[in-house]
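Let's walk through this model together, one element at a time. Keep the viewer open as you read.

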Amino acid sequence: MSTLSFPREKIRFLLLENVHPQAAALLQRHGYTHIELQTGALEPHELIHRLPEVHVLGIRSKTRLPPEVLAHAHKLLAVGAFCIGTDQMDLPALMQQGVAAFNSPYSSTRSVAELTIGACIQLMRRMPEKSRAAHEGRWLKTADHCHEVRGKVLGIIGYGRIGSQVSVLAEALGMQVCFFDIVPRLVMGNARRAESLEALLRTS
């Protein structure tokens, strides 16, 4: 006799927006058999048509779940956002319906931090300008007004998951880090806390 309150073989999953196939494979290894993957997001009228038989919905950032859509999700048990935010779903409406909601707050933290540092390096080296010139058939070989990031002061506004990771990477490149946040944060490495946004902008 099963100790589960709801048999796994009866739970229907709908995973939208290119959720990785490994998610479906993992669910199948744990005994779930009704798993549907879809490449794109669904419009509200499509969700209204599809959700009545869905128990678990997996989404990313493009799918919107307003109350008028959720009102048709009579069997919905949980919504999983395979991304950082939850602004695409109406959390009070989900709570009222007793539907669990969760997200992936660390899913792209490192990726965004790396892209931020990459953008800093590109700007200091005038790479966008040089890339544009190269595409126009001009070779800007000069290093005028191009600088290393080492020794520069990086100002970070917001020192949460992403900001603190940017701080760690920046220090590894020899940058000095100053940050401002409206809530107290644990300081990573040798970063300095600015007393105000204005102070941050003056020093970075």
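A good place to begin is the pairing of β6 with strand β7, residues 176-180: the two run in the parallel sense and are joined over five bridges. To find one of these contacts in your viewer, pick I156, whose bridge partner in β7 is F179. Please keep in mind that you are looking at a predicted model.

Zooming out a little, these strands belong to an open sheet of three strands, ordered β6-β7-β8 and paired in parallel. Its edges are β6 (153-157) and β8 (192-193), each of which pairs on one side only. Helix α7 lies across β6 and β7, and it runs at about 170° to β6.

From α7 we can step over to another helix. Two packed helices are described by the angle between their axes and the distance between the axes. For α5 (residues 109-124) and α7 (residues 161-172), the axes come within 9 Å and cross at roughly 50°. With angles under 35 degrees counted as roughly parallel and 65 to 115 as roughly perpendicular, this crossing makes α5 oblique to α7. The crossing of α5 and α7 is also right-handed. On the α5 side, the contact is made by T109, R110, V112, A113, E114, T116 and I117, which meet R161, I162, Q165, V166, L169 and A170 of α7. By character, the residues of this contact split into seven nonpolar, three polar and three charged.

Now for the other sheet. This one is open too, with five strands in the order β2-β1-β3-β4-β5 and parallel pairing. Here β2 (34-37) and β5 (100-102) form the edges, each pairing on one side only. On average, neighbouring strands of this sheet are turned by 10° against each other, direction ignored. Towards one edge, strand β4 (residues 78-81) pairs with β5 in the parallel sense over three bridges, and G80 has F102 in β5 as its bridge partner. Helix α1 (residues 21-29) packs on the sheet, where it touches β1 (12-15) and β2, and its direction makes about 180° with that of β2.

Finally, have a look at the charged side chains. The structure holds eight salt bridges. One of them joins E53 to K75, with the closest N and O atoms 2.8 Å apart. This pair links distant parts of the chain, 22 residues apart: E53 sits in the loop between α2 (44-50) and β3 (56-59), while K75 sits in the loop between α3 (67-70) and β4.

Technical notes: Residues numbered from 1 in each chain as written. Predicted model: local features only at pLDDT ≥ 70, side-chain atom pairs only at ≥ 80, totals over all residues. Heavy atoms only, no water. Pairing = 2+ DSSP bridges. Helix = DSSP H or I, 4+ residues; strand = E, 2+ residues; numbered from the N terminus. Axes fitted to C-alpha atoms, helices over the stretch in contact; angles between N-to-C directions. Contact = heavy atoms within 4.5 Å. Parallel < 35°, antiparallel > 145°, perpendicular 65-115°, else oblique. Left-handed = near helix turned anticlockwise from the far one by under 90°. Nonpolar A, V, L, I, M, F, W, Y, C, P; charged D, E, K, R; others polar. Salt bridge = Lys/Arg side-chain N within 4 Å of Asp/Glu carboxyl O.
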